[in-house]
Amino acid sequence: MPKALSDLQVKNLKKSGNFRCAPSLYLYVENNKNATKKQWRIRQTIDGKRKWIYIGSYPAISPKQARARAAELLSSDQAPQEVLREQKQKKVASARRTEKKVTSFAVVAEDYIKNIKRPVWNDRGRSEQSWQNTLNSYILPVIGKKEIEDIYPDDVVKVLKPIWTTKHETAVRTRSRVENIIDYAIAKGISEKRNPAQYKNLLENLLPKFKPEINHHAALPFDELPGFISEIWDRKSGSYSALKLISLTQVRSNDAREAVWDHFDLQSGVWMCPIQKLGGEVHKLPIPKRLLWLLQEMKEYAQDERLFPGSGKNKFISSNSLDKSLDVFSRTDALGKRITIHGFRSTFMDWATATGAGTREDADRQLGHRERNAVLAAYMRTDLFDRRVKLIQEYEDFAFSDTAFSIHESTSSAM
């Protein structure tokens, strides 16, 4: 048996070559002008060919450690290469687990918003505020500090159950956002397991079945629209002007209240309206003539970018202000219920389909509805804008048919 080299001898070796230190264990030395490299190797003969198996470098591994490592590998039932490969895989897996240990849900959520959501949001921070409210109110208090790999379906149920029946729409949105964030973590390799926020075939078996009570928004009967317009048109405050905008363009309350002048082309009569419900997706809306004149007049007196500034600390006019202004008219639907602001969308749809002024498809495009049929959505590329210009002008003409100063009279006097 060759004499074992001491630490000092190994340290002082300068000559290049292989030096035997134990059965099948060699120290390989490579000396050049810049540095001396030393590596521990096992020599084996496999299928008649000599093979060198690298097991580490000096001084990271001492002679004593190298002899012990060589003995362990040579005594194994597996080939040394297989043992080393398995050890490397375990080391990589351990490193991944360590990396995952510092990747909490809150950290991934912040990364997801920064890299995926924020670059495409264009609604002046409203979508981000909505996400942050959901995270802070419902999600982070329950699973924010948990590592992604440690989140299970029961944890997601704890997030959702308090609001599943009382605030179901909020709960559905919350679940979707948890799922999106964990999907992002899976795509980045932070987690490899099934998404615990998946609803189909998973959470649907852990949460109560929800049967929503359908409450339609009370809407003004379309044949009463001219009377309503004649009542409201001469009222000048911001809340009444917002109601005029809503009743003649059919936008949702939030989109009207938070409208800004930059999105309006008052020369062409076009409003590029970001729809909050669709994540800020822009909807091209035609502006009918009488409403356009009103907006042009408002623009002359505008003090900033907002069409409807709020009072006090409110940046924009509040929904309560619009509701109170609408209640002034004491208008009801066919069942005797007080009409709602959202109901003006139904008023328009009823008018378009009942009178034959426009097709259901035209009305849907004007309301900014997405095509539910995936196949049709893939092929329907037009927004039917030119058809909607004519439709919305005809709607405004109908709305002003009871006013003493009709749109046609005003057009004649302007000529």
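Is Leu74 buried, partly exposed or exposed, and at what relative accessibility? In this predicted model, Leu74 lies in helix 2, which covers residues 63–75. The residue counts as partly exposed because its relative accessibility is 33%, a value that falls between the 20% limit for buried and the 50% limit for exposed. Beyond its neighbours within four places in sequence, Leu74 is in contact with Pro23, Ser24, Ile42 and Gln44. The pairing with Ile42 links positions 32 residues apart in sequence, with their C-alpha atoms 8.8 Å apart in space.

A contrasting environment is found at Ser247, in helix 9 (residues 238–249). Ser247 counts as buried because its relative accessibility is 0%. Its side chain places a polar atom 3.1 Å from the backbone oxygen of Lys244. When residues up to four places away in sequence are not counted, Ser247 touches Ile229, Phe344 and Tyr395.

Helix 7 can be followed along its whole length. The helix spans residues 168–187, 20 residues in total, and its first and last C-alpha atoms are 28 Å apart, close to the 28 Å expected at 1.5 Å a residue. Its buried residues are His168, Thr170, Ala171, Thr174, Arg175, Arg177, Val178, Glu179, Ile181, Ile182, Tyr184 and Ala185. An α-helix has 3.6 residues a turn, so residues three or four places apart point the same way. The buried residues of helix 7 pack against three helices: helix 4 (105–117), helix 5 (126–143) and helix 6 (153–160). Just after helix 7, Gly189 adopts a positive phi of about 85°.

Methods
Residues numbered from 1 in each chain as written. Predicted model: local features only at pLDDT ≥ 70, side-chain atom pairs only at ≥ 80, totals over all residues. Heavy atoms only, no water. Helix = DSSP H or I, 4+ residues; strand = E, 2+ residues; numbered from the N terminus. Expected span 1.5 Å × (residues − 1). Buried < 20%, exposed > 50% of the residue type's maximum accessible area, 1.4 Å probe, protein only. Contact = heavy atoms within 4.5 Å. Polar contact = N/O pair within 3.5 Å; in protein donor to acceptor, adjacent residues only side chain to side chain.
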